Amino acid sequence: MYGFMGKMLFVDLSTGEFEDKVIPEEWYRDFLGGPALGARILYEYMPAHADVFGEDSMVGFVATPFDGSNFFCGGRYTVVSKSPVYNGWNDANSGGFFGPAIKKSGYDGIFVRGISPKPVYLFVDDGKAELRDATKYWGMQATELENALFTDLEDNKISYAFIGPAGENLSNMAAVMNDGHRAAGRGGTGAVMGSKKLKAVVCRGNQTFELADKAGMAKLSKAISESLKQAPMLQGMRTFGTTGGFMPSLLSGDAAVKNFSVALCETDKTPEDFEPLAAPMLNEKYKVKSYRCSSCPIGCGAFMDTTEDERFPVKNAARPEYESVGWFGSAIMNTDPVVLIKCNHLCNEYGTDTISTGGTLGWAFEAFNEGAITKEQLDGIEPFWGDGAAAVALTEKIVSGEGCGKILTQGSQYAADYWNAGKEFLFVASGIEIAQHDPRRAPGYIRTYQVDPTPGRHVKGGLAKANDRMTWEQKYDYRVTGYADLVEICTCEYINASGLCIFSPRLFPPGAIFEGMKYVTGIDFDKYTLRLFGMRAFIMRWAFNLREGLRRKDFTVTDRMIGNPPMRAGQLAGISLDNERLVENLYNAIGFNPEGVPCQDVLEFVGGLEPVIADLYPPKE
Amino acid sequence: MDILVKFYAVDIPVSLKSTKFDLPEGSVVEDALDECLKLPEITIDEDYFKASIVLKNGGRTHLKDALSDGDVLSILRTMEGG
């Protein structure tokens, strides 16, 4: 089939066996790649109720049709597994170069089950797979591991996904990292790798696949190039990356102030106090060079250097993305850019998700300042608001899992339960920390945070995208939101499954993201088939949760997230959200019953969901 | 009357830092946004641009709110990701 390698690699770490598996062609057509195809495969091959850290638990590294096609911004891959945080479906994607490398090594995806008796890494070299001893790499942080792999394999062109010490320690916030400091961060899949003693997956090769229409692809690439020259967002993204979103988000109430507890105007700080954390000043003082992912014409990443700072000198640090600036900045009232860069760097080196790490740090700051936890519980650290040294010290504890970090590395919900303290300060969905997008500012987020198959995510589809096009009054009108919610879900499911960067629709000419799919795979998307695809992908991911016995009631958000009580001042003063109404509206639009179970008609209408029908609606005797 | 507009957005060219407009008495916030849309640097659809979060002198404001001489409008266009 055009656009794919046509086979998956299955590896059993318990037995050391490998299998090249050819999946049905319709699975590619129905689910494309990434999270959607990953969900279909795990639904087929991973038994229900498998212990997340047990032998039957699987972790997958799933490429996409655009990986390796050189389609602009189409180089992302997805990790899939059960999440140790909420015991349901998890997917998280990342850029860099690993997605195309999976395909160059000969496969559309790599799926691993079992547990190795000793640390290993998987080396997939031009169609040949091998498990190698990783004892010497166990315990290594990102930079040390990269240097060791490049040296030992005598090749600095390899691409690899890996875990840092956080994954080895089974931290709930352990990311699957790749290519140095790129991260498929959310949901704790790094811990699943750690439980399998799988330190890394290294890919290399020169395998290729055929495009459906090479000439069409070349023409489209030219058109996109021309269009990009006029795109107003291009220069901003190229210069500042997502970091450029920090100041507008801080001013609008999107970014957290004191762990989402107050408005900036209620504190002793002004917006100007936070400008040293904003992209222009970070670039001016610390930027060394830009960074771009595979086949990206933008290059929104950057490397920074703070080696002139005596307190926290760091070389080759990634410029913190927007989410990290919020969590390690205004959420804890830190205005010191070197502290921000250091905290972000610690996450990357130890391999933790910056959102969950920052969210847990923000919770700890508030719990301490409000007297819910003490410095004795924090190994003597006193995280008063704005204390940068305390932020770095606590982040080190969290990512390393040492001392109080043993508790905090499992996340804010775990810590609040463990100490039975500070539960009113939690800003979590089903126990996982939230990105720097306050749902009280864009209420569509609350539905996505609550009942996306992967709770707590800002990069999943939903009404929040449409909120950006609404007036203030329209945003908080909860009538008839289901259809708009579903439309945004479907587009986002397509973006994630095709391997595109989430910013591509804002940069490309209208329709280009679908035209590209036609030229790569021959699959033609129109509004109708996009709707079916999006529903199928969403339901497939959600079906994993249903099979685990999870229902709507098991997906929760905290009172603070819905404005109960509402904020007292600032842009979000007086706002409370009707999250349950938003969920009901979506369920009506997508054909779910109130418990979150899709009706049989919808499953049959969407198609490609036969095993889900068999599980939910078994034939009557 | 003089109105200063500041832009905080990734989809507006970085060269456009802030702009002063001379608007007639009785103008409202939307009038200032209409003036912004005449700038060659702003190529965003009118509806989408007018859905931006706009602060007047640091506080929340609405399209039909009246402007006074010396007001500062901040146009905020947030983004997800990262």
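**Entry 1: a proline in a loop**

I began with A:P565, which I found in the loop between α23 (527-547) and α24 of chain A. The peptide bond that joins A:N564 to A:P565 is cis, and I noted an omega of about 5 degrees. I should write down early that this is a predicted model.

**Entry 2: a leucine with positive phi**

Next I looked up A:L170, in the loop between α5 (165-168) and β10 (176-178) of chain A. Its phi is near 60 degrees, a positive value in a residue that is not glycine.

**Entry 3: chain A as a whole**

I then stepped back to take in the chain. For chain A I have 26 helices and 17 strands. Its radius of gyration is 23 Å, close to the 25 Å that the globule rule gives for 621 residues, so chain A is as compact as a globular protein of that length. The C-alpha trace of chain A spans about 60 × 60 × 55 Å along its principal axes.

**Entry 4: domains of chain A**

I marked out domain 1 at 8-204, domain 2 at 236-428 and domain 3 at 444-616 in chain A. Between domain 2 of chain A and domain 3 of chain A, I have the C-alpha centres 28 Å apart. In their contact, 12 residues come from domain 2 of chain A and 13 residues from domain 3 of chain A. I sorted the domain 2 side of this contact by class, and it holds nine nonpolar, two polar and one charged residues.

**Entry 5: α7 and α22**

Two helix pairs of chain A caught my eye, and I took α7 (residues 214-230) with α22 (residues 512-521) to start. I keep in mind that two packed helices are described by the angle between their axes and the distance between the axes. Here the axes come within 9 Å and cross at roughly 160 degrees. That angle is over 145 degrees, so α7(A) is roughly antiparallel to α22(A). I logged the crossing of α7(A) and α22(A) as left-handed.

Which residues of α7(A) and α22(A) meet? From α7(A) I listed A:G216, A:M217, A:L220 and A:I224, and from α22(A) I listed A:A512, A:E515, A:G516, A:Y519 and A:V520. By class, this contact of α7(A) with α22(A) has six nonpolar, two polar and one charged residues.

**Entry 6: α17 and α24**

My other pair is α17 (residues 444-451) and α24 (residues 579-590) of chain A, whose axes are 9 Å apart and meet at an angle of about 75 degrees. The angle falls in the range 65 to 115 degrees, so I call α17(A) roughly perpendicular to α24(A). On the α17(A) side I found A:I446, A:R447, A:Q450 and A:V451, and on the α24(A) side A:N579, A:L582, A:V583 and A:L586. The contact of α17(A) with α24(A) divides into five nonpolar, two polar and one charged residues. The helix α24 brought me back to my opening entry, as the loop that holds A:P565 lies between α23 and α24 of chain A.

**Entry 7: chain B**

I moved on to chain B, where I have two helices and five strands. Read from the N terminus, its elements run β-β-α-α-β-β-β. The radius of gyration of chain B is 12 Å, close to the 12 Å of the globule rule for 82 residues, so chain B is as compact as a globular protein of that length. Along the principal axes, the C-alpha atoms of chain B fill a box of roughly 40 × 25 × 20 Å.

**Entry 8: where the chains touch**

Last, I looked up the contact between the chains, which takes 31 residues from chain A and 24 residues from chain B. Which elements of chain A give two or more residues to the side that touches chain B? I found α8 (232-240), α9 (246-252) and α11 (322-328). Of these, α8(A) gives the most, with seven residues. By class, I split the chain A side of the contact into 13 nonpolar, 12 polar and six charged residues.

Note on methods
Residues numbered from 1 in each chain as written. Chains lettered and ligands numbered in written order. Predicted model: local features only at pLDDT ≥ 70, side-chain atom pairs only at ≥ 80, totals over all residues. Domains from an automatic or database assignment. Contact = placed C-beta atoms within 7 Å. Nonpolar A, V, L, I, M, F, W, Y, C, P; charged D, E, K, R; others polar. Helix = DSSP H or I, 4+ residues; strand = E, 2+ residues; numbered from the N terminus. Axes fitted to C-alpha atoms, helices over the stretch in contact; angles between N-to-C directions. Parallel < 35°, antiparallel > 145°, perpendicular 65-115°, else oblique. Left-handed = near helix turned anticlockwise from the far one by under 90°. Rg over C-alpha atoms; globule rule 2.2 N^0.38 Å.
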